[in-house]
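Trainee: Got a minute to go through a model with me? I'd like to start with the rings and finish at the interface.

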Amino acid sequence: MRTLLTLVLLLVCLTTVPRISTARTPQDILVASDAVRNPDFPFGLTNTLIEYRKGKQTDSSVLAVYSRLDQGGGQFRSLVRYVAPARDANKLILFNGKDLWLFDPASKASVRISPQQRLLGQASNGDVVTVNFARDYRATEAVEEDTQDGNRQTRRCHKLNIAATTTDATYRRIEMWVDVVSARPVKARFYADSGKLMKTAYYRRYQKIFGVERPTEAVIIDGLEPDWVTVMRYSDWVKRDVPEAWLQRDYLPHFKPE
Amino acid sequence: MRALLTRFACAVVTGVLTANVGAQDAEDDALRLANETPEVTQAARAWRVFVEGSLGGHVRRLDGGTQDTRRASLDVQVDHSPRPALRLFFSDRLDVSSPAGPSGEHAVNTLKEAYASLRPTTGVMADLGRINVRNGVAFGYNPTDFLRADSTRSVVSIAPMSLKENRQGSVMLRGQKLWDGGSLTALYSPALRDAPDQEGFNLDLGATNNQDRWLVSLSQTFAKGFAPQFLLYDEEAATPKVGLNLTALLNDATVAHIEWSGGRAPTQRTEALQTLTPVCECAAWRNRTALGVTHTTTTKLSLTLEYHYNGAAADESEWDALRQGPLPLYGAYRDRVQRAQELPTRQALFLFGLWQDALVQHLDVSLMINHDLVDDSRRVWIEALYHHGQFDFALQWQHNRGHALSNYGAMPEARAWQFVVRYYL
């Protein structure tokens, strides 16, 4: 009996040791989930935001987003152009970390704005542009657990505890559920400095984009007012050149997408 | 005691479970909404057109009587690229007002921009035509906005953004070279006419092209978030000026900015009155500055406070002398200063507040206060703007307060109000 037990233990060890040796760190999982959300080359997409309050649509915006990975810092720099509504059409927002500029073609004025200056209702500036979480945050813990995804299906996920590590980070703390098999982000909860839940996001409608299954929808639910909901849909993905020269204030008056 | 503890524990557990179930229900509802959200497709348009109508009135300072005002406007902006390397830009505005404006014209058309832009390679651009070049990071006073003089043909609102939007550009040739983190821009704007022409449908080349001017600006990023802009400007009728624009993020909610220009020049009083009265040889180095800070709260309220300084404007003694002197000289000085969009006195404070989604969604409330630190006069302007679909509804109120012939006390309107409806096509 003792020999049998020893053999079983040995077998368990042999089967688990390789898993331990190849096990990814929480940060590796975060990096993998970033790679699912974001291509690693310059690209453009359309972000359509539809906002609901108490079940009724209250707002909508369409944005054209052009993003490029900053080779030095590893974070994305983005140029966002309003397509709709008409009153905001062709306004531009330049995102370079916390260096933000708003350009209005009607007044030709470029105004520097602070990260707290929200321009799109519930969505923060950081929600509408491409962000590599692993650049500004550190995942400190990964716990396997079952959770319900955005289609209310049960999924086995790593629940990551993520803390901000740079001043560019929008949130102090994030909890993110990442599918253990595919590294797809399933949902995330974002917390303020006070520990208060600011919003919950579900990543849904996975489609093959540039050869990888990526989320094409994020449903953002307000932490204080859960009936305040923003649906963000990503479409018209295109691999394109986004020159460095575009991503500065003095280019904004000249920006005209081809 | 044990029963009490058990009951308390049960209440806590029930409360937590109920809260979790509530949050779960709310998330289920949110996801259901997302499931029902239709697909929206909206292509970018090469044009933007709106029509605007306003009804208003003002109380005349002189006799206390009231005057009704009406206006209809059409604003068109087209930005078309027939080829990837070519861009054609056209922007025009027509205002039809009753009573007529200071020019005596009921209908005033402003050709704001009409130019072609060539982009032979990425990072190199050449533009030719009437272009509205606007420099400056400040809100209420822009010492480096060197091409602003005489650019406004029709004032429909005193809001800073309106004054910046509703103005005509200058005919020029402009070139720009961009590189990673920097750019160099140079423009030449020639003299095409001698003087402005206020006829309603005149292109008014004499307003913004009445002398040869050139401007060079250089921007360079020295560190992340630190990219000053340096400017060098010269015009036929004056000595060169230099300028600087600089911004800094103080924290996640606060941006500071400084805008400065300087150069050798006589006083504004000398410049304005030189054809009417003997002038002094008082050219000296004069600085102009706008120094400000903008703070945004979590409730979407942004407050901007600025200090304005114009070293060429009248100081207290000069201002007193002008106010107590012959009225035509005072009027000539005011007219010159207003056309140049300059400060009439040495120092001023400016406060601008914008509260987005104030109390109700889509309602923006703005407050602007101009305070003259030399004569203590003040202007207060408040606007409530409600967006609804393609409509904007705005209610504006303005109050000018001050002693006789002070900066704001001399405004012909003691109080003014207007209701504006704008519709985007």
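Mentor: Sure. One definition to begin with: a charge sits over a ring if NZ of Lys or CZ of Arg is within 6 Å of the ring centre and within 35 degrees of the ring normal. Keep in mind that this is a predicted model.

Trainee: Okay, so which residue lies over the face of A:W177?

Mentor: For a Lys, the atom to check is NZ, with a limit of 6 Å from the ring centre. Here the distance is 4.6 Å, and the residue over the face of A:W177 is A:K187.

Trainee: And in chain B, how far is the charged end of B:R45 from the centre of the ring of B:W47?

Mentor: With an Arg you look at CZ, again within 6 Å. The charged end of B:R45 sits over the B:W47 ring, and its distance from the centre is 4.0 Å.

Trainee: Now ring on ring. Is the pair of B:F146 and B:Y233 stacked or edge-to-face?

Mentor: Planes under 30 degrees apart count as stacked, over 60 as edge-to-face. The centres of B:F146 and B:Y233 are 4.8 Å apart and the planes differ by 5°, so by that cut-off the pair is stacked.

Trainee: How many residues apart in sequence are the parts that this pair ties together?

Mentor: B:F146 lies in the loop between β5 (124-131) and α2 (160-165) of chain B, while B:Y233 belongs to strand β9 (residues 229-235). B:F146 is buried at 10% relative accessibility, and B:Y233 is buried at 2%. The parts they tie together are separated in sequence by 87 residues.

Trainee: What about B:F391 and B:Y423: stacked or tilted?

Mentor: Their ring centres are 4.7 Å apart, with the planes at 45°. B:F391 is in strand β17 (residues 391-401) and B:Y423 in strand β18 (residues 413-424), both of chain B. Relative accessible area is 32% for B:F391 and 29% for B:Y423, so each is partly exposed. As for the geometry, 45° makes the pair tilted.

Trainee: On to the interface. What area is buried between chain B and chain A?

Mentor: In terms of contacts, 74 residues of chain B meet 65 residues of chain A. Carbon and sulfur atoms give 49% of the buried area. The total comes to about 5,700 Å².

Trainee: Which residue of chain B meets A:D168 in a salt bridge?

Mentor: Across this interface the rule finds 9 salt bridges. In the one with A:D168, the N to O distance is 2.8 Å, and the partner is B:K224.

Conventions: Residues numbered from 1 in each chain as written. Chains lettered and ligands numbered in written order. Predicted model: local features only at pLDDT ≥ 70, side-chain atom pairs only at ≥ 80, totals over all residues. Heavy atoms only, no water. Phe/Tyr/Trp six-rings, centres within 6.5 Å; stacked < 30°, edge-to-face > 60°. Helix = DSSP H or I, 4+ residues; strand = E, 2+ residues; numbered from the N terminus. Buried < 20%, exposed > 50% of the residue type's maximum accessible area, 1.4 Å probe, protein only. Contact = heavy atoms within 4.5 Å. Buried area = accessible area lost by both parts, 1.4 Å probe. Salt bridge = Lys/Arg side-chain N within 4 Å of Asp/Glu carboxyl O.
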